[in-house]
Amino acid sequence: MSMIDQSRLLQMRSSILNQNQALQRAAGRGSEGAGVDAAGGTPDFGTAINNALQQVNAQQTKASELSEAYERGDTHDIVSVMIERQKASLGFETTLQVRNKLLSAYRDIMNMPV
């Protein structure tokens, strides 16, 4: 078995923590105020969703650019390419699950008796 590289584990941990902070900012609970409207400082759902979608789009763009760079031969670091592709995939899957939950909640509300 190969030895576990501690610096690689710390780098992965740092990446996970950064993503967690980005998700919290997108949810309107971050310290930077992402997802908060400018007028009253109250959480704005539309802004939070928009920010989250922009982050997912940026991650997918970054993964595509790295994949294309690898295919052109500009980079030989397949590990970073695959990690970025997995991050993009995870972001997309999360977006799909959130969408599915929102649609389910909408259907439940619409089917409530008045």
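# Helices, salt bridges and a nonpolar patch

Of the 114 residues in the chain, 13% count as buried. The model is predicted.

Me: What makes up the secondary structure of the chain, and in what order do the elements run?
Reply: The secondary structure comes to 3 helices and 0 strands. From the N terminus on, the order is α-α-α.

Me: How do you know how helix α2 is oriented relative to α3, parallel or antiparallel?
Reply: The axes of helix α2 (residues 45-72) and α3 come within 9 Å and cross at roughly 150°. That makes α2 roughly antiparallel to α3, because an angle over 145 degrees falls in that class. The crossing in which α2 passes α3 is left-handed.

Me: Why is the contact between Glu84 and Lys62 called a salt bridge?
Reply: The side chains of Glu84 and Lys62 meet at 3.8 Å, N to O. The cut-off for a Lys nitrogen and a Glu carboxyl oxygen is 4 Å, so the pair qualifies as a salt bridge. Glu84 lies in helix α3 and Lys62 in helix α2, so the pair ties together parts that are 22 residues apart in sequence.

Me: Which of the terms buried, partly exposed and exposed applies to Glu84, and which to Lys62?
Reply: Glu84 has a relative accessible area of 8%. Buried means under 20%, so Glu84 is buried. Lys62, with a relative accessible area of 42%, is partly exposed, because this value lies between the limits of 20% and 50%.

Me: What makes Lys62, Glu84 and Lys87 one network?
Reply: Lys87 forms a salt bridge with Glu84, and their closest N and O atoms are 3.4 Å apart. Both residues lie in helix α3, 3 residues apart, about one turn of the helix. Salt bridges that share partners thus join Lys62, Glu84 and Lys87 into one network. Lys87 itself counts as partly exposed, at 23% relative accessibility.

Me: How many salt bridges does the structure hold, and what qualifies the contact between Asp74 and Arg72 as one of them?
Reply: The structure holds 3 salt bridges. The side chains of Asp74 and Arg72 meet at 2.9 Å, N to O, which is within the 4 Å cut-off, so this contact is a salt bridge.

Me: Why are Asp74 and Arg72 called exposed?
Reply: Asp74 has 54% relative accessibility, and Arg72 has a relative accessible area of 54%. Exposed means over 50%, so both residues receive that term.

Me: Which residues make the nonpolar surface patch, and which helix contributes the largest share?
Reply: Tyr70, Ile78, Val79, Met82 and Ile83 make a nonpolar surface patch of about 390 Å². Helix α3 (residues 78-110) contributes the largest share, 4 residues.

Me: How do you know that Met82 has enough accessible area to belong to a patch?
Reply: Met82 lies in helix α3 and counts as partly exposed at 42% relative accessibility. Patch residues need over 30% relative accessible area, so Met82 passes that requirement.

Me: Why does Ala88 count as buried, and what separates Ala88 from Gln55?
Reply: Ala88, in helix α3, has 8% relative accessibility. This value is under 20%, so Ala88 counts as buried. The C-alpha atoms of Ala88 and Gln55 are separated by 9.7 Å, with the two residues 33 residues apart along the chain.

Me: Why is Thr61 called partly exposed, and where is Thr61 placed?
Reply: Thr61 is in helix α2. The relative accessible area of Thr61 is 35%, between 20% and 50%, so the term is partly exposed. The C-alpha atoms of Thr61 and Glu84 are separated by 9.8 Å, although the residues are 23 residues apart along the chain.

Me: What makes Ser15 buried, and how is Ser15 placed with respect to Lys87?
Reply: Ser15 is found in helix α1 (residues 6-26). The relative accessible area of Ser15 is 18%, and the limit for buried is under 20%, so Ser15 is buried. The C-alpha atoms of Ser15 and Lys87 are separated by 9.9 Å, while the residues are 72 residues apart along the chain.

Terms used
Residues numbered from 1 in each chain as written. Predicted model: local features only at pLDDT ≥ 70, side-chain atom pairs only at ≥ 80, totals over all residues. Heavy atoms only, no water. Patch = residues over 30% accessible without salt bridge, like charges linked within 9 Å, V, L, I, M, F, W, Y side chains within 5 Å. Areas by Shrake-Rupley, 256 points an atom, 1.4 Å probe, with all protein chains shown as cover. Helix = DSSP H or I, 4+ residues; strand = E, 2+ residues; numbered from the N terminus. Buried < 20%, exposed > 50% of the residue type's maximum accessible area, 1.4 Å probe, protein only. Axes fitted to C-alpha atoms, helices over the stretch in contact; angles between N-to-C directions. Parallel < 35°, antiparallel > 145°, perpendicular 65-115°, else oblique. Left-handed = near helix turned anticlockwise from the far one by under 90°.
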